[in-house]
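User: I'm new to this one and would like a quick tour. Could you walk me through it?

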Amino acid sequence: MVLLENDSFLTELTRLFQKCRTSGSVVITLKKYDGRTKPMPRKGHAESFEPADNKCLIRASDGKKKISTVVSTKEVIKFQMAYSNLLRAHMDGLKKKDKKSKSKKTKATQ
């Protein structure tokens, strides 16, 4: 997994979307990140760790290549605007759902 700066993450995400345009998919996950690199122990005395700043960890993968970035609260608005524009630009290849006709459903219930 490669931890990138926010701008380089967005450019790499653009490359992932372009690479997977015809076939394949890109999986994006978001989660709260407190800055720890080691897991907390379940038993015993857990250290009270309070992060100074709330952060968000964003990961993207196409199955082969994984990229990630950490966004702090100061950069959220700027990153969110660029990220939403990127998603709007590359979400045009979605498949439409097949709608089942209502007449078939009513005939089945009668």
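User: How many bridges pair β3 and strand β4, and in which sense do they run?

Analyst: Keep in mind that this is a predicted model. β3 covers residues 55-61, and β4 covers residues 66-72. One pairing to look at is Ala60 with Ile67, its bridge partner in β4. The two strands pair in the antiparallel sense, over 7 bridges.

User: What do β3 and β4 form, and which residue in the turn has a positive phi?

Analyst: There are 4 residues between the two strands, and together the strands form a hairpin. In the turn, a phi of about 100° belongs to Gly63.

User: Which strand does β2 join, and which residue stands opposite Lys31?

Analyst: β2 spans residues 27-33 and runs antiparallel to β3, with 7 bridges joining them. Lys31 has its opposite number in β3, and that residue is Leu57.

User: Which residues does the salt-bridge network with Glu12 join?

Analyst: Start with Arg15, whose side chain meets that of Glu12 at 2.5 Å, N to O; they are 3 residues apart in helix α1, so about one helical turn separates them. Lys65 also meets Glu12 in a salt bridge, at 2.6 Å. Lys65 lies in the loop between β3 and β4 and Glu12 in helix α1, so this pair ties together parts 53 residues apart in sequence. Salt bridges with shared partners therefore make one network of Glu12, Arg15 and Lys65.

User: Is Glu12 buried or exposed?

Analyst: The cut-off for buried is under 20% relative accessible area. Glu12 has 16%, so it counts as buried.

User: Which residue does Lys19 meet in a salt bridge?

Analyst: Lys19 sits in helix α1, and its partner is in the loop between β3 and β4, 43 residues apart. Lys19 is exposed at 51% relative accessible area, while the partner is buried at 16%. The side chains meet at 3.4 Å, N to O, and the partner is Asp62.

User: How many disulfides does the structure hold?

Analyst: Two cysteines to look at are Cys20, buried at 13% relative accessibility, and Cys56, partly exposed at 24%. A disulfide needs a pair of cysteine sulfur atoms within 2.5 Å. The count for this structure is 0.

User: Which residues make the nonpolar surface patch of about 290 Å²?

Analyst: One member, Met81, is in helix α2, which spans residues 76-90. Met81 has a relative accessible area of 51%, so it counts as exposed. The full set making the patch is Val76, Ile77 and Met81.

Definitions and conventions:
Residues are numbered from 1 along each chain as its sequence is written. This is a predicted model: local features need pLDDT of at least 70, side-chain atom pairs count only at pLDDT 80 or more; totals for chains, interfaces and linings use all residues. Side-chain values use heavy atoms; hydrogens and water are left out. Patches are made of residues with over 30% relative accessible area and no salt bridge: like charges are joined within 9 Å, nonpolar side chains (Val, Leu, Ile, Met, Phe, Trp, Tyr) within 5 Å. Accessible areas come from the Shrake-Rupley method with a 1.4 Å probe; for residues, only the protein chains shown count as cover. A salt bridge is a side-chain nitrogen of Lys or Arg within 4 Å of a carboxyl oxygen of Asp or Glu. Buried means under 20% relative accessible area, exposed over 50%, partly exposed in between (1.4 Å probe, protein chains only). Two strands pair if DSSP finds at least two bridges between them.
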